[in-house]
Amino acid sequence: MAPQYARDQPAGFQNHIENVAIVGATGSVGKYLTKHLLLTRKHNVTAITRENSNSTMPEGVKVARIDYEKPETIVNALKGQQVLIITMKTGQKEANVKLTEAAAKANVGWIMPNEYSPDVVARPDMGNDSMLLSALAYSCDLILELGVSNFISLFCSYWYEFSVSSAPQAYGFDIKEKRMTFIDDGKTKINTSTWEQCGRAVAKLFSLPIYPEDEHDKSLTISHWKNDAVHIQSFFESDWTIEYQNAQQRYKQGQEWLEEGGAKYGAGYIQCMYSRVFYKDGSGDFSDKLDNDKLGLPEESIDEATKRAIRMVESDYNYFAR
(Lines give C-alpha, C1' and ligand atoms only; values in the text may rest on other atoms or scores of the structure.)
Protein backbone atom coordinates (compact mmCIF):
# COMPACT_ATOMS: atom_id res chain seq x y z
CA MET A 1 0.00 0.00 0.00
CA ALA A 2 1.33 3.44 -0.96
CA PRO A 3 2.23 5.80 1.90
CA GLN A 4 -0.79 7.76 3.09
CA TYR A 5 1.11 10.69 4.61
CA ALA A 6 3.12 13.41 2.92
CA ARG A 7 6.08 12.76 5.21
CA ASP A 8 6.42 9.20 3.83
CA GLN A 9 6.44 10.12 0.15
CA PRO A 10 9.62 9.82 -1.96
CA ALA A 11 12.21 12.58 -1.95
CA GLY A 12 11.15 15.60 -3.99
CA PHE A 13 7.42 14.97 -3.49
CA GLN A 14 5.28 18.13 -3.49
CA ASN A 15 2.08 17.83 -1.52
CA HIS A 16 -0.08 19.85 -3.91
CA ILE A 17 -1.40 19.65 -7.46
CA GLU A 18 0.17 21.91 -10.06
CA ASN A 19 -0.36 20.19 -13.41
CA VAL A 20 -3.88 19.31 -14.54
CA ALA A 21 -4.80 17.89 -17.95
CA ILE A 22 -8.38 18.08 -19.14
CA VAL A 23 -10.09 16.41 -22.07
CA GLY A 24 -12.97 18.52 -23.36
CA ALA A 25 -11.68 21.84 -22.02
CA THR A 26 -14.12 23.82 -24.19
CA GLY A 27 -17.09 21.48 -23.79
CA SER A 28 -20.31 22.00 -21.85
CA VAL A 29 -18.94 21.21 -18.40
CA GLY A 30 -15.25 21.18 -19.32
CA LYS A 31 -15.10 24.92 -19.94
CA TYR A 32 -16.35 25.59 -16.40
CA LEU A 33 -13.87 23.18 -14.86
CA THR A 34 -11.13 24.89 -16.86
CA LYS A 35 -12.34 28.37 -15.91
CA HIS A 36 -12.33 27.70 -12.17
CA LEU A 37 -9.01 25.83 -12.21
CA LEU A 38 -7.44 28.87 -13.90
CA LEU A 39 -9.05 31.24 -11.40
CA THR A 40 -7.19 29.57 -8.52
CA ARG A 41 -3.85 30.60 -10.09
CA LYS A 42 -2.47 27.40 -8.55
CA HIS A 43 -2.62 25.14 -11.58
CA ASN A 44 -1.02 24.71 -14.97
CA VAL A 45 -3.93 23.58 -17.15
CA THR A 46 -3.32 21.59 -20.32
CA ALA A 47 -6.10 20.86 -22.80
CA ILE A 48 -5.79 17.42 -24.37
CA THR A 49 -7.31 17.73 -27.83
CA ARG A 50 -7.38 15.92 -31.16
CA GLU A 51 -4.79 16.89 -33.77
CA ASN A 52 -7.42 18.33 -36.09
CA SER A 53 -9.34 20.30 -33.44
CA ASN A 54 -9.85 24.00 -34.14
CA SER A 55 -11.28 24.87 -30.70
CA THR A 56 -10.15 28.18 -29.26
CA MET A 57 -8.73 27.72 -25.78
CA PRO A 58 -8.98 30.23 -22.92
CA GLU A 59 -5.93 32.36 -22.25
CA GLY A 60 -3.48 30.54 -20.03
CA VAL A 61 -4.37 27.03 -21.21
CA LYS A 62 -1.65 24.96 -22.82
CA VAL A 63 -2.60 22.65 -25.68
CA ALA A 64 -1.39 19.08 -26.23
CA ARG A 65 -2.61 17.51 -29.45
CA ILE A 66 -3.13 13.76 -29.66
CA ASP A 67 -4.10 11.07 -32.13
CA TYR A 68 -6.24 8.31 -30.61
CA GLU A 69 -4.87 5.92 -33.25
CA LYS A 70 -1.36 6.60 -31.92
CA PRO A 71 -1.45 5.88 -28.16
CA GLU A 72 2.11 7.12 -27.72
CA THR A 73 0.90 10.65 -28.50
CA ILE A 74 -1.50 10.44 -25.55
CA VAL A 75 1.24 9.17 -23.25
CA ASN A 76 3.54 12.00 -24.31
CA ALA A 77 0.78 14.56 -23.75
CA LEU A 78 0.18 13.27 -20.22
CA LYS A 79 3.78 13.06 -19.07
CA GLY A 80 4.30 15.34 -16.08
CA GLN A 81 0.57 15.68 -15.41
CA GLN A 82 -0.68 14.96 -11.89
CA VAL A 83 -4.40 14.94 -12.69
CA LEU A 84 -6.38 13.89 -15.76
CA ILE A 85 -9.98 15.12 -15.98
CA ILE A 86 -12.05 13.48 -18.70
CA THR A 87 -15.17 15.23 -20.05
CA MET A 88 -16.58 13.70 -23.21
CA LYS A 89 -19.90 12.68 -24.67
CA THR A 90 -21.20 9.43 -23.24
CA GLY A 91 -20.58 6.25 -25.17
CA GLN A 92 -16.95 6.89 -26.13
CA LYS A 93 -15.62 3.83 -24.35
CA GLU A 94 -12.64 3.25 -26.65
CA ALA A 95 -11.35 6.79 -26.20
CA ASN A 96 -11.82 6.58 -22.43
CA VAL A 97 -9.89 3.32 -22.28
CA LYS A 98 -7.02 4.76 -24.33
CA LEU A 99 -6.85 7.85 -22.11
CA THR A 100 -6.86 5.76 -18.93
CA GLU A 101 -4.18 3.38 -20.19
CA ALA A 102 -2.03 6.28 -21.33
CA ALA A 103 -2.43 7.97 -17.94
CA ALA A 104 -1.07 4.85 -16.25
CA LYS A 105 1.92 4.75 -18.59
CA ALA A 106 2.56 8.44 -17.95
CA ASN A 107 2.29 7.89 -14.17
CA VAL A 108 -0.63 10.30 -13.68
CA GLY A 109 -1.64 10.08 -10.03
CA TRP A 110 -5.32 11.06 -10.19
CA ILE A 111 -8.12 10.64 -12.73
CA MET A 112 -11.60 12.14 -12.68
CA PRO A 113 -13.48 9.76 -14.99
CA ASN A 114 -16.03 10.74 -17.59
CA GLU A 115 -19.15 10.43 -15.43
CA TYR A 116 -20.95 13.34 -13.81
CA SER A 117 -24.06 11.69 -12.50
CA PRO A 118 -26.33 10.76 -9.60
CA ASP A 119 -24.83 8.37 -7.02
CA VAL A 120 -25.01 5.26 -9.16
CA VAL A 121 -22.63 3.39 -6.86
CA ALA A 122 -24.85 3.67 -3.78
CA ARG A 123 -27.91 2.79 -5.88
CA PRO A 124 -26.75 0.33 -8.57
CA ASP A 125 -30.37 -0.52 -9.40
CA MET A 126 -30.95 3.08 -10.46
CA GLY A 127 -27.52 3.17 -12.07
CA ASN A 128 -28.28 0.14 -14.22
CA ASP A 129 -31.77 1.31 -15.16
CA SER A 130 -30.46 4.74 -16.15
CA MET A 131 -27.63 3.14 -18.17
CA LEU A 132 -25.01 5.15 -16.29
CA LEU A 133 -23.41 2.60 -13.94
CA SER A 134 -21.70 0.44 -16.56
CA ALA A 135 -19.79 3.40 -17.99
CA LEU A 136 -18.51 4.50 -14.59
CA ALA A 137 -17.79 0.93 -13.51
CA TYR A 138 -15.53 0.07 -16.44
CA SER A 139 -13.60 3.33 -16.03
CA CYS A 140 -13.01 2.90 -12.31
CA ASP A 141 -12.33 -0.83 -12.60
CA LEU A 142 -9.73 -0.21 -15.30
CA ILE A 143 -8.02 2.48 -13.22
CA LEU A 144 -7.78 0.12 -10.24
CA GLU A 145 -6.69 -2.79 -12.45
CA LEU A 146 -3.81 -0.79 -13.91
CA GLY A 147 -2.77 0.07 -10.36
CA VAL A 148 -1.08 3.42 -11.05
CA SER A 149 -3.70 6.14 -10.77
CA ASN A 150 -6.43 6.81 -8.22
CA PHE A 151 -9.88 7.94 -9.28
CA ILE A 152 -12.22 10.55 -7.86
CA SER A 153 -15.70 10.62 -9.37
CA LEU A 154 -17.87 13.74 -9.25
CA PHE A 155 -21.43 12.84 -8.30
CA CYS A 156 -23.25 16.08 -9.06
CA SER A 157 -26.44 14.45 -10.35
CA TYR A 158 -27.75 15.86 -13.62
CA TRP A 159 -26.58 19.26 -14.84
CA TYR A 160 -29.29 21.81 -14.21
CA GLU A 161 -28.78 24.03 -17.27
CA PHE A 162 -28.62 21.06 -19.61
CA SER A 163 -31.62 19.35 -18.00
CA VAL A 164 -33.82 22.44 -18.26
CA SER A 165 -32.82 23.51 -21.77
CA SER A 166 -32.08 20.32 -23.69
CA ALA A 167 -35.25 18.26 -24.06
CA PRO A 168 -38.64 17.81 -22.38
CA GLN A 169 -37.67 14.17 -21.79
CA ALA A 170 -35.21 15.41 -19.15
CA TYR A 171 -36.74 17.56 -16.38
CA GLY A 172 -39.95 18.05 -18.32
CA PHE A 173 -39.29 21.62 -19.49
CA ASP A 174 -40.30 22.56 -23.03
CA ILE A 175 -39.41 26.24 -22.91
CA LYS A 176 -40.09 26.95 -26.58
CA GLU A 177 -43.59 25.50 -26.35
CA LYS A 178 -44.11 26.91 -22.83
CA ARG A 179 -45.07 23.47 -21.57
CA MET A 180 -44.06 21.70 -18.36
CA THR A 181 -44.49 18.07 -17.30
CA PHE A 182 -43.74 16.88 -13.79
CA ILE A 183 -43.11 13.28 -12.94
CA ASP A 184 -45.60 11.59 -10.60
CA ASP A 185 -46.96 14.21 -8.18
CA GLY A 186 -44.02 16.58 -8.72
CA LYS A 187 -42.83 16.21 -5.12
CA THR A 188 -39.95 13.76 -5.50
CA LYS A 189 -36.79 15.66 -4.63
CA ILE A 190 -33.46 15.00 -6.28
CA ASN A 191 -30.08 16.71 -6.25
CA THR A 192 -29.01 18.77 -9.26
CA SER A 193 -25.94 20.92 -9.98
CA THR A 194 -25.01 23.77 -12.27
CA TRP A 195 -21.93 23.71 -14.45
CA GLU A 196 -20.50 26.61 -12.42
CA GLN A 197 -20.85 24.61 -9.20
CA CYS A 198 -19.07 21.66 -10.80
CA GLY A 199 -16.24 23.99 -11.79
CA ARG A 200 -15.97 25.42 -8.27
CA ALA A 201 -15.96 21.96 -6.73
CA VAL A 202 -13.21 20.59 -8.96
CA ALA A 203 -11.03 23.68 -8.48
CA LYS A 204 -11.43 23.58 -4.69
CA LEU A 205 -10.82 19.82 -4.61
CA PHE A 206 -7.55 19.96 -6.51
CA SER A 207 -6.39 23.01 -4.55
CA LEU A 208 -6.33 20.95 -1.34
CA PRO A 209 -3.16 19.21 -0.13
CA ILE A 210 -2.82 15.73 -1.56
CA TYR A 211 -2.08 13.91 1.73
CA PRO A 212 -2.09 14.78 5.43
CA GLU A 213 1.40 15.64 6.63
CA ASP A 214 1.27 12.90 9.29
CA GLU A 215 -1.15 11.02 11.51
CA HIS A 216 -1.74 14.18 13.57
CA ASP A 217 -2.85 16.27 10.57
CA LYS A 218 -6.65 16.25 10.44
CA SER A 219 -7.03 18.82 7.67
CA LEU A 220 -9.02 17.98 4.55
CA THR A 221 -6.96 16.52 1.69
CA ILE A 222 -7.53 15.13 -1.80
CA SER A 223 -6.83 11.63 -0.48
CA HIS A 224 -10.02 11.88 1.59
CA TRP A 225 -11.84 10.96 -1.66
CA LYS A 226 -9.25 8.47 -2.98
CA ASN A 227 -11.00 5.90 -5.21
CA ASP A 228 -14.32 7.35 -4.10
CA ALA A 229 -16.64 10.17 -5.13
CA VAL A 230 -17.22 13.81 -4.28
CA HIS A 231 -20.94 14.55 -3.82
CA ILE A 232 -22.15 18.07 -4.61
CA GLN A 233 -25.36 19.91 -5.45
CA SER A 234 -26.62 23.35 -6.39
CA PHE A 235 -30.28 22.75 -5.59
CA PHE A 236 -32.63 20.27 -3.99
CA GLU A 237 -35.86 21.50 -5.51
CA SER A 238 -39.25 20.35 -6.77
CA ASP A 239 -41.57 23.36 -6.66
CA TRP A 240 -42.88 23.49 -10.27
CA THR A 241 -46.26 22.08 -11.20
CA ILE A 242 -48.33 22.00 -14.37
CA GLU A 243 -48.73 18.50 -15.81
CA TYR A 244 -47.89 15.13 -14.32
CA GLN A 245 -46.70 11.78 -15.63
CA ASN A 246 -46.05 8.59 -13.64
CA ALA A 247 -42.30 7.88 -13.38
CA GLN A 248 -42.60 4.17 -14.24
CA GLN A 249 -44.87 4.91 -17.20
CA ARG A 250 -42.49 7.61 -18.37
CA TYR A 251 -39.58 5.16 -18.10
CA LYS A 252 -41.53 2.48 -20.01
CA GLN A 253 -42.33 4.98 -22.77
CA GLY A 254 -38.61 5.79 -23.01
CA GLN A 255 -37.81 2.07 -23.36
CA GLU A 256 -40.33 1.78 -26.19
CA TRP A 257 -38.69 4.69 -27.98
CA LEU A 258 -35.28 3.07 -27.53
CA GLU A 259 -36.54 -0.17 -29.04
CA GLU A 260 -38.16 1.71 -31.92
CA GLY A 261 -34.83 3.39 -32.65
CA GLY A 262 -34.35 5.93 -35.38
CA ALA A 263 -35.32 9.50 -34.58
CA LYS A 264 -36.83 8.49 -31.21
CA TYR A 265 -33.73 6.75 -29.86
CA GLY A 266 -32.13 9.89 -28.39
CA ALA A 267 -35.34 11.03 -26.71
CA GLY A 268 -35.86 7.53 -25.32
CA TYR A 269 -32.36 7.41 -23.88
CA ILE A 270 -32.78 10.74 -22.09
CA GLN A 271 -36.26 9.88 -20.84
CA CYS A 272 -35.12 6.56 -19.35
CA MET A 273 -32.06 8.13 -17.76
CA TYR A 274 -34.02 10.93 -16.13
CA SER A 275 -37.24 9.11 -15.27
CA ARG A 276 -35.38 6.48 -13.27
CA VAL A 277 -33.83 9.02 -10.90
CA PHE A 278 -37.33 10.25 -9.98
CA TYR A 279 -38.57 6.86 -8.70
CA LYS A 280 -39.95 7.15 -5.17
CA ASP A 281 -37.22 4.92 -3.74
CA GLY A 282 -34.86 7.75 -2.79
CA SER A 283 -32.29 6.79 -5.41
CA GLY A 284 -32.03 10.37 -6.69
CA ASP A 285 -31.24 11.83 -3.28
CA PHE A 286 -27.69 11.75 -1.89
CA SER A 287 -28.14 14.75 0.41
CA ASP A 288 -26.68 12.86 3.37
CA LYS A 289 -23.34 12.56 1.54
CA LEU A 290 -22.89 16.13 0.33
CA ASP A 291 -19.39 17.61 0.36
CA ASN A 292 -20.50 21.21 -0.30
CA ASP A 293 -19.50 22.42 3.15
CA LYS A 294 -16.17 20.57 3.08
CA LEU A 295 -15.27 22.30 -0.19
CA GLY A 296 -16.74 25.66 0.82
CA LEU A 297 -19.17 25.76 -2.11
CA PRO A 298 -21.67 28.64 -2.14
CA GLU A 299 -25.43 28.40 -2.22
CA GLU A 300 -26.76 29.20 -5.68
CA SER A 301 -29.85 30.93 -6.99
CA ILE A 302 -32.19 28.63 -8.87
CA ASP A 303 -33.73 31.69 -10.55
CA GLU A 304 -30.37 32.76 -11.99
CA ALA A 305 -29.59 29.24 -13.17
CA THR A 306 -32.98 28.98 -14.84
CA LYS A 307 -32.39 32.30 -16.61
CA ARG A 308 -29.13 30.89 -18.00
CA ALA A 309 -30.98 27.82 -19.26
CA ILE A 310 -33.64 29.98 -20.93
CA ARG A 311 -30.93 32.04 -22.64
CA MET A 312 -29.43 28.77 -23.91
CA VAL A 313 -32.75 27.80 -25.47
CA GLU A 314 -33.16 31.26 -26.99
CA SER A 315 -29.71 30.95 -28.58
CA ASP A 316 -30.63 27.50 -30.01
CA TYR A 317 -28.09 25.67 -27.84
CA ASN A 318 -28.01 22.00 -28.79
CA TYR A 319 -25.82 19.69 -26.71
CA PHE A 320 -26.35 16.79 -29.07
CA ALA A 321 -25.03 18.77 -32.04
CA ARG A 322 -21.64 19.21 -30.37
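## Exercises: helix packing and ring pairs

Helix 8 passes helix 9 in a left-handed crossing (the near helix is turned anticlockwise from the far one by less than a right angle; clockwise would be right-handed). Helices are DSSP runs of H or I with at least four residues, strands are runs of E with at least two, and both are numbered from the N terminus. This is a predicted model, where local features need pLDDT of at least 70 and side-chain atom pairs count only at pLDDT 80 or more, while totals for chains, interfaces and linings use all residues. Residues are numbered from 1 along each chain as its sequence is written, and side-chain values use heavy atoms, without hydrogens and water.

**Exercise 1.** Describe how helix 8 packs on helix 9.

*Step 1.* Take the angle and the distance. Helix 8 (residues 247-260) and helix 9 (residues 265-277) lie at about 155 degrees, and their axes are 7 Å apart. Axes are lines fitted to C-alpha atoms, for helices over the stretch in contact, and angles run from 0 to 180 degrees between N-to-C directions.

*Step 2.* Classify the angle. Under 35 degrees is roughly parallel, over 145 roughly antiparallel, 65 to 115 roughly perpendicular, and the rest oblique. Helix 8 and helix 9 are therefore roughly antiparallel.

*Step 3.* Find the contact (heavy atoms within 4.5 Å). Helix 8 contributes residues including Tyr251 and Trp257, and helix 9 residues including Tyr265 and Cys272.

**Exercise 2.** Do the same for helix 1 and helix 7.

*Step 1.* Helix 1 (residues 30-39) meets helix 7 (residues 195-205) at about 45 degrees, with axes 8 Å apart.

*Step 2.* Helix 1 and helix 7 are therefore oblique to each other. Their crossing is right-handed.

*Step 3.* Tyr32, Leu33, Lys35, His36 and Leu37 of helix 1 touch helix 7 residues, among them Trp195 and Glu196.

**Exercise 3.** Describe the ring pair of Tyr116 and Trp159.

*Step 1.* Recall the rule. Rings of Phe, Tyr and Trp (its six-membered ring) pair if their centres lie within 6.5 Å; planes under 30 degrees apart are stacked, over 60 edge-to-face, the rest tilted. The count comes to nine aromatic pairs.

*Step 2.* Tyr116 and Trp159 are 6.1 Å apart centre to centre, with 35 degrees between the planes, and the pair is tilted.

*Step 3.* Place the residues. Tyr116 is in the loop between strand 5 (110-112) and helix 4 (124-129), and Trp159 is in strand 7 (residues 158-159), so the pair ties together parts 43 residues apart in sequence.

*Step 4.* Check burial (buried is under 20% relative accessible area, exposed over 50%, partly exposed in between; 1.4 Å probe, protein chains only). Tyr116 is buried at 10%, and Trp159 is buried at 13%.

*Step 5.* Look for a cluster. Ring pairs link Tyr32, Tyr116, Trp159 and Trp195.
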